[in-house]
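Thanks for passing this one along. Here are my notes, point by point; have the structure open while you read.

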Amino acid sequence: MRRLRRTEAIRALVRETHLHPGALIYPLFLCPGEGVRKPIGSMPGVFNLSLDEAVKEAEQCAMLGIGGLLLFGLPAEKDEQATGAWADDGIVQTALREFKKNRKLDPLVMMADVCLCEYTSHGHCGVVARDGDHYHVENDASVALLARTAASLAKAGADIVAPSDMMDGRVAAMREALDAGGLEQTPILSYASKFASAFYGPFREAADSAPQFGDRRSYQMDGANLREAMREIELDLAEGADMLLMKPAMPYLDVIHMARERFDLPMGAYQVSGEYSMLHAAFERGWLEPERTMMESLTSIRRAGADFIVTYFAKDAAKVLG
Ligand code: PBG
């Protein structure tokens with residue numbers, strides 16, 4: 001076997017898995033204001049950006065050959081109905097209109113995350129009904145607002161809408177709302193089997209979306225369940241999902257692999273905030289070599305079967321890939 005490992009040229013020739021900048025998607029966190037570039041403590045190199053700063057960041061991504069952006073918004077005001085998620089002048093809608101006027105950003109696919117958690121006062125991904133000490137995240141009331149959110153983001157210019165809420169039936173409802181709004185060309189990238197993961201911890205600082213009470217385990221999946229993940233994907237396909245987004249990535253490579261074996265539609269994986277933070281924590285201590293570890297983590301996700309990767313390393317990896 002070692003004959004084919006002798007030189008880098010031979011190794012490159014027989015390499016089975018490749019990364020390229022166009023298959024990397026960079027998440028952006030949009031916030032109100034001007035000239036705002038607020039660092040996220042647990043995610044070195046990641047910021048909350050006001051629109052003017054976000055434009056600079058996006059232009060840099062386009063120059064690096066990155067495939068697209070995944071947009072999240074931190075609204076000025078939150079309420080029980082997540083008004084900021086579906087308002088015509090919502091923070092992501094406003095940014096999308098601006099981005100779409102900028103020809104330098106044409107090479108980027110603009111993906112909009114569709115969820116209510118950044119916009120609800122309680123931080124849950126749907127509408128909450130309270131009954132004394134108990135609470136319940138309502139499915140159908142949430143789906144109605146999510147569908148409205150997806151249509152509003154697509155109308156503002158999102159190339160792809162990406163539901164991450166894990167309510168039942170949201171993909172069908174979004175397809176219907178998009179088609180009814182003349183947005184039949186907008187694909188749905190479904191986070192079909194999103195697990196209730198501790199690895200989202202740092203994101204909740206970045207997106208200011210930590211639930212104020214309880215947790216997300218009544219709607220996101222139990223991390224122990226592989227067969228159930230396949231059922232979730234089948235349902236989303238039947239409802240009209242165009243693409244899949246698997247999440248988290250590294251602790252769930254087996255799920256990515258099985259989904260790749262079973263389903264033929266385009267599939268991405270999200271290397272989530274906690275995966276990024278834990279690697280950075282080790283880089284800061286000098287315990288892991290940053291560039292090699294980053295590239296190995298991304299290669300493993302591609303090897304498992306993901307066509308593209310949403311990652312906070314997108315810019316760094318694109319620079320390495322040249
Ligand atoms: C919104 C959403 C979350 C992430 C993507 N979309 C947070 C959550 O479900 O709590 C996590 C992304 C990351 O950790 O990088 N629901």
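1. A quick convention before the ligand: I call a residue near a molecule or strand if one of its heavy atoms lies within 4 Å of it. There are 18 residues around the ligand, and Lys-194, Arg-204, Lys-247, Ser-273 and Tyr-312 come nearest.

2. Keep in mind that this is a predicted model, where local features need pLDDT of at least 70, side-chain atom pairs count only at pLDDT 80 or more, and totals for chains, interfaces and linings use all residues. Residues are numbered from 1 along each chain as its sequence is written, and side-chain values use heavy atoms, with hydrogens and water left out.

3. Now the shell around the ligand: it divides into 10 nonpolar, three polar and five charged residues. Here Ala, Val, Leu, Ile, Met, Phe, Trp, Tyr, Cys and Pro count as nonpolar, Asp, Glu, Lys and Arg as charged, and the others, Gly among them, as polar.

4. Which side chains put an N or O atom 2.9 Å or 3.3 Å from the ligand? Arg-216 does so at 2.9 Å from a ligand oxygen, and Lys-247 at 3.3 Å from a ligand nitrogen. For Asp-113, the distance to a ligand nitrogen is 3.4 Å. (A polar contact is a pair of N or O atoms within 3.5 Å.) Taken alone the ligand exposes 400 Å², and the protein buries 100% of that, by the Shrake-Rupley method with a 1.4 Å probe.

5. Lys-247 deserves a second look: a cis peptide bond joins Lys-247 and Pro-248, with omega at about -15°. Pro-248 lies in the loop between β10 (243–246) and α9 (253–262). Helices (H or I, at least four residues) and strands (E, at least two) are DSSP runs, numbered from the N terminus.

6. Another backbone spot to check is Ala-82, which has a positive phi of about 55° although it is not a glycine. Ala-82 is in the loop between β4 (68–73) and α3 (83–86).

Terms used
Polar contact = N/O pair within 3.5 Å; in protein donor to acceptor, adjacent residues only side chain to side chain.
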